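User: Hello! I am new to this structure and would like to look around with you. Could you take me through it?

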Amino acid sequence: MKKILTTVMIGCLLLAACGQSYEETKRITRQQRKEAARKDSAALKVAVMPTLDCLPLLVAEHYQLLDTVNGGVRLKHYTAQMDCDTALERGRVEGAFSDLVRAKRMERRGTELTYTAATAAHWQLTANRNSRIRQLKQLDDKMIAMTRLSATDLLSDHVVDSVKLKSDRVFKVQINDVHVRLLMLQNNAMDALWLPEPMATQARLMKHNVVYDTQREDIRLGALVFRKKEMERPERARQLRLLLKAYDQGCDSINKYGTRKYRQLIARACNVKLNVVDSLPKGIRYQHAAAPREQDVARAEKWLKNK
């Protein structure tokens with residue numbers, strides 16, 4: 001009987017110890033969640049895409065320059081522009097790499113924005129080599145992958161108008177994810193697509209044809225934008241100033257050493273192979289953070305007005 005009582009007591013003590021351990025674990029977990037939420041709230045969050053226009057901030061993060069920003073900076077990675085914009089509109093991030101068409105549309109929907117930088121974003125209209133498209137006029141009765149009500153939507157209308165094709169004879173298909181777009185090209189599921197770098201370089205390596213490049217006409221529609229109301233808070237304003245300083249330092253480093261120095265970083269962030277990075281156009285340059293040009297803003301606003 002005595003042995004049984006002893007066993008029962010030991011068992012109770014063990015259960016009590018286990019219970020305390022479990023409760024302690026729950027308490028620590030709650031504290032960790034609260035601390036993580038506090039840090040995330042204090043950080044300046046920026047939505048980025050797997051595209052080269054985001055490279056200055058990726059380089060700044062690589063060198064831990066963003067750690068000096070009060071509260072830190074957290075880059076939130078997306079593969080579709082619409083997801084970046086949704087995160088910005090819903091307040092999940094304070095800033096995002098976007099384009100002027102999307103940004104102006106967000107403002108129309110009630111999200112006031114601050115335009116902090118015109119980015120190096122540009123797009124190439126790449127035709128599937130099996131479609132035998134060599135000129136823009138051959139887009140008649142063909143499909144183009146783009147994002148609705150964005151820079152690529154505007155550009156689709158621009159190239160159609162430039163060769164006087166009927167708009168209802170060129171079929172714009174909404175494919176938001178840039179990696180899905182590239183897969184559709186690989187699988188011969190689309191006639192032509194708007195691709196940013198480095199996806200455009202990967203398509204060229206696959207022997208697909210570039211029929212239009214925004215750089216040829218000096219069209220600059222990329223933009224780094226932030227929620228205006230949020231940036232009016234003194235602590236956020238300080239964070240933004242430090243972030244833009246880090247952004248400029250990232251630009252300087254890329255301009256000095258070239259994209260080749262960051263081949264591993266680009267391959268990882270953009271989910272491409274190193275041979276794609278090594279084949280990027282030479283002499284890619286990045287400008288310090290400055291507001292978009294009036295002519296580009298006017299182009300976006302005029303197109304949206306006509307829509």
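User: Which residues of helix 3 (residues 81-89) are buried?

Analyst: Happy to help! This is a predicted model, where local features need pLDDT of at least 70, side-chain atom pairs count only at pLDDT 80 or more, and totals for chains, interfaces and linings use all residues. Residues are numbered from 1 along each chain as its sequence is written, and side-chain values use heavy atoms, leaving out hydrogens and water. Helices (H or I, at least four residues) and strands (E, at least two) are DSSP runs, numbered from the N terminus, and buried means under 20% relative accessible area, exposed over 50%, partly exposed in between (1.4 Å probe, protein chains only). By that cut-off, the buried residues of helix 3 are Gln81, Cys84, Asp85, Ala87 and Leu88.

User: Why are these buried residues on the same side of helix 3?

Analyst: The arc is taken from the directions from the helix axis to the C-beta atoms. Because the buried residues cover only a limited arc around the axis, they sit on the same side of helix 3; that arc is only 160°.

User: What is the strand order in the open sheet of five strands?

Analyst: Two strands pair if DSSP finds at least two bridges between them. The pairing in this sheet is mixed. Strand 7 (170-174) and strand 9 (209-213) are the edge strands, each pairing on one side only. The order is 7-6-8-5-9.

User: Which residue in strand 8 is the bridge partner of Thr126?

Analyst: Strand 5 (residues 123-127) and strand 8 (residues 192-196) run antiparallel, joined by five bridges. In strand 8, the partner of Thr126 is Leu193.
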